[in-house]
Amino acid sequence: MASTSIAMQSEPTGDRQAMECAIRTWSTDAVPAAQRADYWVGAVCDCFLDMEVEPGQRQAFSATLASMPCGGLRVNRVSGSAQRVRRTLQGIRRSGGDNFYYLLCKESSPCHVAQDDAGAARLLPGDLALIDSRRRYLLEFPEAVDTVSIQIPIGWLDTWLPAADCWLGRRVDGAAGWGRVLSAYVTQLRTEQPARLGTLQAEHPGRFVVAGLRYCARGAAPARPAAAHRALRVPALWRARPHRRRRGR
C-alpha cells in the first residue's frame, strides 16, 4: 500500500525532508470509486495494524487518513464514511509483537467502542477511550469516521500508568473536568504544525495523557467488570462478519 507525504510550500531539505517523509496520508480519492473500499482496508492495515474493515456501503465510499510523528508517539486523524473496524485474534497473531495503545477522541458524531475482556462504551463528540491492540476490539462508526488517535508504545504507558488495562474500552467524558482538558489537548495535537509535532518529546504529550486519565478518575482507576460478564460485552458483534475483508501480511 503506497502512501503520500503532505505537500510543503517550499522544497524540503535536510531535517525538513526527513519530517515530510515521516508524515503520511492515504485518501480514497487516489483510486477509482470501484476500488476505494479495498484500498481503504489496505490503508488502515498499513498505517495501524492488521485489522478487518467493513465499509458501511461500498457505493460512494470515501475516507482519508493522516499520520504524523510526535516524539515517540504518533497522531492519527481518520475521516470518512461509516464503517466497522475489528481487531481479531488472527490479526493479533499476524502482528507478532507489534502492538500499541491507542487513545481515541471522537470529534463530531457518536460511535461505539468495545474491548474484549474489558469495557464497552458509546462515545459522544469529544469523548475519549483507550484501547489495547494486544486484545480484540471493535470500533463501530455508524454515521461517519471523524476520529483523532494517539498511538502510544505499550511499555511506555504501562510504566507510567500501571492500571492502564482498567481503562480499556471505557468512556472518558470529554465535556467535564479533566476529560474536557484532555479532549481539547488531543484535538490541539491534530491542529499543530507537522514540524512542531515532530520536535515534541514523547514525555510531553504522553505524560499529559497519563495525568489526564488519573485526574479523570480522581486518583483511582475504574473497577473492572465482574469476570462472569466480561465475555458478554460484544458477543453478537464478534460473530457477525458480513463482507469480511482482511489484508494479509
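In this predicted model, strand β10 contributes six residues to the lining of the largest cavity, the most of any element. Two or more lining residues also come from each of α2, β5 and β6 (100-106). The cavity holds about 230 Å³ of space, and a search of the whole structure finds one cavity of 30 Å³ or more. Its lining is made up of 16 residues, and those nearest the centre are Phe48, Met51, Val78, Leu139 and Phe141. By residue type, the lining divides into 13 nonpolar, three polar and no charged residues.

Helix α2, one of the elements that line the cavity, covers residues 36-47. From first C-alpha to last, its 12 residues reach 16 Å, close to the 16 Å expected at 1.5 Å a residue. The helix is mostly covered, with nine of its 12 residues buried. These are Ala37, Tyr39, Trp40, Val41, Gly42, Ala43, Val44, Cys45 and Cys47. They pack against five strands: β2 (24-27), β3 (52-55), β4 (63-70), β5 (73-87) and β10 (137-153).

The next topic is the nonpolar packing. In soluble globular proteins, nonpolar side chains tend to be buried together. Here the largest nonpolar core has 30 residues, and the ones with the most contacts inside it are Trp40, Phe48, Leu65, Tyr102, Val113, Ile131 and Leu139. At least two residues of this core come from each of α2, β4, β5, β6, β7 (111-115), β8 (120-123), β9 (128-132) and β10. The largest share belongs to α2, which gives six residues. Phe48 and Leu139 thus appear both among the residues with the most contacts in the core and among those nearest the centre of the cavity.

Leu65 shows how the packing looks from a single residue. Leaving out residues up to four places away in sequence, Leu65 touches Arg24, Thr25, Trp26, Trp40, Ala43, Cys47, Phe48, Asn76, Arg77 and Val78. Among these contacts, Trp40, Ala43 and Cys47 are buried residues of α2. Apart from the largest core lies another, of 27 residues, among them Trp156, Ala164, Leu182 and Tyr185.

Asp127 sits in the loop between β8 and β9. Is Asp127 buried or exposed? Its relative accessible area is 1%, so Asp127 counts as buried. With residues up to four places away in sequence left out, Asp127 touches Leu104, Cys105, Lys106, Arg122, Arg171, Val172, Asp173 and Gly174. Of these, Arg171 is 44 residues away along the chain, yet the C-alpha atoms of Asp127 and Arg171 are separated by 6.6 Å.

Methods
Residues are numbered from 1 along each chain as its sequence is written. This is a predicted model: local features need pLDDT of at least 70, side-chain atom pairs count only at pLDDT 80 or more; totals for chains, interfaces and linings use all residues. Side-chain values use heavy atoms; hydrogens and water are left out. Helices (H or I, at least four residues) and strands (E, at least two) are DSSP runs, numbered from the N terminus. The expected span of a helix is 1.5 Å times one less than its number of residues. Buried means under 20% relative accessible area, exposed over 50%, partly exposed in between (1.4 Å probe, protein chains only). Contact means heavy atoms within 4.5 Å. On a 1 Å grid over the protein atoms alone, a cavity is a set of points where a 1.4 Å probe fits but cannot get out, and a pocket is an open set with protein on both sides within 12 Å along at least five of seven lines; lining residues have an atom within 4 Å of a point. Grid points are joined across faces, edges and corners, and a volume is the space filled by probe spheres set on the points. Ala, Val, Leu, Ile, Met, Phe, Trp, Tyr, Cys and Pro count as nonpolar, Asp, Glu, Lys and Arg as charged, and the others, Gly among them, as polar. A nonpolar core is a set of buried Ala, Val, Leu, Ile, Met, Phe, Trp, Tyr and Cys residues joined through side-chain atoms within 4.5 Å.
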